[in-house]
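Welcome! Here is a short guided walk through a structure that may be new to you. Take a moment to look it over before reading on.

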Amino acid sequence: MITIALTKGRILDEAIKLFEKAGFDVAEIKDNAKNRKLIFELGTSFRVILAKSADVVTFTARGACDCGIVGKDTLLEMNANVTELADLNFGKCRFAVAAKAGETVFGNKNKTLCVGTKYPHVARTYFNESGIDCEIVKIEGSVELAPLLGVADCIVDIVESGSTLRANGLEVLREIAFISARLIANPASLKIKTADIKALSDILL
Ligand code: PRP
């Protein structure tokens, strides 16, 4: 039996489709918004857990789940001890630096750049590597509000279609990294359950 954690939210539908294509009955998982269940049996081989992205990584890193499907954004932010097995090629978006359209954000030597983000580690790493001194302000919800309210000069966030930025008068200044959904595994599970995890990845890829 392999336990796999799937990330709730944007990438869940695509992840469920992979199991559906492989012939599993996924009706109950698809109905999770109504039935509120979090753990599902798929035949006798797989147990599916629905969790928030960071918890998918935590559960997989701690061996509570053998595998997980999660965005590269969360993997970059958490830098946890999990093995990335494959790029699943959906949930494609990018990490970008964005600010109010037309505003000059970089190059003010008299002021430390203030960056709003849900991804402090990614933002800190990017600006450190770019040699730009910055203060990070952790935002939990709509990061786009930070520059609009004057809480930050710019944001580091996920951009998919770009419509949230456009709707709020923001624009991309720099691209940081491309993101997509990844299949991950617990390193010990990978050694002990090699054949079963291979069977899972054959289903998903
Ligand atoms: C993400 C991100 C942006 C938006 C970008 O938030 O934080 O707000 O998507 O997508 P777009 O470029 O297609 O407009 P999400 O909708 O995932 O919600 P969240 O704030 O709950 O993370």
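A residue is called buried when its relative accessible area is under 20%, exposed when that area is over 50%, and partly exposed in between. Please keep in mind as well that this is a predicted model.

**A residue to start from**

Let us begin with F40, which is found in strand 2. Is F40 buried or exposed? Its relative accessibility is 1%, and because buried means under 20%, F40 counts as buried. Leaving aside residues up to four places away in sequence, F40 touches E28, I29, N32, N35, F46, R47, V48 and L50. K92 is 52 residues from F40 along the chain, and the C-alpha atoms of the two are separated by 26 Å.

**The sheet and its helices**

Next comes the sheet that holds strand 2. It is an open sheet of six strands, in the order 2-3-1-4-11-5, and the pairing is mixed. Strand 2 (39-42) and strand 5 (83-87) each have a single partner strand, so they stand at the edges and one side of each is left without a neighbour in the sheet. On average, neighbouring strands of this sheet are turned by 25° against each other, direction ignored.

Further inside the order, strand 1 (residues 2-7) pairs with strand 3 (residues 46-51) in the parallel sense, over six bridges. One example is T3, whose bridge partner in strand 3 is R47.

Helix 4 (residues 53-61) packs on the sheet, where it touches strand 1, strand 3, strand 4 (67-71) and strand 11 (181-185). The direction of helix 4 makes about 150° with that of strand 4. Helix 10 (residues 194-204) lies across strand 1, strand 3, strand 4, strand 5 and strand 11, and runs at about 40° to strand 1.

**Aromatic rings**

How many aromatic pairs does the structure hold? There are six. A pair of aromatic rings is described by the distance of the centres and the angle of the planes. Two of the pairs are set out here.

| Pair | Geometry | Centre to centre | Angle between planes |
|---|---|---|---|
| F95 and Y119 | edge-to-face | 4.8 Å | 75° |
| F106 and F127 | tilted | 6.3 Å | 45° |

The pair of F95 and Y119 links distant parts of the chain, 24 residues apart: F95 is in strand 6 (residues 93-100), and Y119 is in the loop between strand 7 (113-117) and helix 6 (120-129). F95 is buried at 0% relative accessibility, and Y119 is buried with a relative accessible area of 11%.

The pair of F106 and F127 also links distant parts of the chain, with F106 in the loop between strand 6 and strand 7 and F127 in helix 6, 21 residues apart. F127 is buried, with a relative accessible area of 0%, whereas F106 is partly exposed at 24%. F106 has a charged companion too: the charged end of R174 sits over its ring, 4.1 Å from the centre.

Elsewhere, ring pairs link F19, F24 and F46 into a cluster. F46 is also one of the residues that F40 touches.

**Cysteines**

Finally, the structure holds zero disulfides. C67 is in no disulfide, and its nearest cysteine sulfur, that of C65, is 9.0 Å away. C67 counts as buried at 0% relative accessibility. Why is the sulfur of C154 without a bond to the sulfur in C134? The C134 sulfur is the closest cysteine sulfur, but at 7.9 Å it is too far for a bond, because a disulfide needs sulfur atoms within 2.5 Å. C154 also counts as buried, with 0% relative accessibility.

Notes
Residues numbered from 1 in each chain as written. Predicted model: local features only at pLDDT ≥ 70, side-chain atom pairs only at ≥ 80, totals over all residues. Heavy atoms only, no water. Pairing = 2+ DSSP bridges. Helix = DSSP H or I, 4+ residues; strand = E, 2+ residues; numbered from the N terminus. Axes fitted to C-alpha atoms, helices over the stretch in contact; angles between N-to-C directions. Contact = heavy atoms within 4.5 Å. Buried < 20%, exposed > 50% of the residue type's maximum accessible area, 1.4 Å probe, protein only. Phe/Tyr/Trp six-rings, centres within 6.5 Å; stacked < 30°, edge-to-face > 60°. Lys NZ or Arg CZ within 6 Å of the ring centre and 35° of its normal.
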